[in-house]
Amino acid sequence: MHVYLVQHGKATTSVEDPQRRLTVEGREGVEQMANFLGNLRISISLIQHSGKLRAEETAHILCENMRVTGGPCKLSGLEPGDEPTEVVNFLNAYTDDVLIVG
């Protein structure tokens, strides 16, 4: 099992957008990273994200440009201040390669 940890792309400030979507620059950066990872021909069984809009957008871009079997979907326990127990339990039970966006 490989676990790939990815930080979301550059997001707007909360003043610009309370939901903090990806900026144009952030979207372009994620697309470049997704193309790079896609060219490496990495196969991912599942892409999961924190549920924050910027992380979800990042996960969708990655999913569109990589070989992915499932996802993207939200993984509980990735919010700031969350106890890592849920993520640890998931990683202990899951045996395929997974990419997590936070």
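**View A. Parallel pairing of β2 and β4 in the predicted model.** Strands β2 and β4 are joined by 4 bridges and run in the parallel sense; the coordinates shown belong to a predicted model. Within β4, Val98 is the residue opposite Leu46, and Val101 is the residue opposite His49. Of the 7 residues of β2, 6 are buried, which leaves this strand mostly covered.

**View B. The two faces of β4.** Val98 and Ile100 project to one side of β4, whereas Leu99 and Val101 project to the other. Each of these four side chains, Val98, Leu99, Ile100 and Val101, is buried. Leu99 and Val101 are among the residues that touch the most other members of the largest nonpolar core.

**View C. Pairing of β1 with β4.** Strand β1, residues 3–6, also lies parallel to β4, with 4 bridges between the two. Here Leu5 has Ile100 of β4 as its bridge partner. Ile100 is buried and shares its side of β4 with Val98.

**View D. β2, α2 and β3.** A right-handed β-α-β unit is formed by β2, α2 and β3. The strands of this unit, β2 and β3 (residues 67–74), are parallel and connected by 5 bridges. Ile44 is paired with Val68, its bridge partner in β3.

**View E. The largest nonpolar core.** This core contains 16 residues, and those touching the most other members are Ile44, Ile47, Leu62, Met66, Leu99 and Val101. Two or more residues are contributed by each of α1 (24–39), β2 (43–49), α2 (53–65) and β4 (98–101). Helix α2 supplies the largest share, 5 residues.

**View F. Surroundings of Leu62.** When residues up to four places away in sequence are left aside, Leu62 touches Val6, Val30, Met33, Ala34, Leu37, Ile47, Leu99 and Val101. Apart from the largest core lies another core, made up of 6 residues and including Leu46, Leu75, Val87 and Val98. Two of the residues named for this other core, Leu46 and Val98, stand opposite each other in the pairing of β2 with β4.

Terms used:
Residues numbered from 1 in each chain as written. Predicted model: local features only at pLDDT ≥ 70, side-chain atom pairs only at ≥ 80, totals over all residues. Heavy atoms only, no water. Core = buried A, V, L, I, M, F, W, Y, C linked by side-chain atoms within 4.5 Å. Buried < 20%, exposed > 50% of the residue type's maximum accessible area, 1.4 Å probe, protein only. Contact = heavy atoms within 4.5 Å. Pairing = 2+ DSSP bridges. Right-handed = clockwise from strand over helix to strand, strands pointing away.
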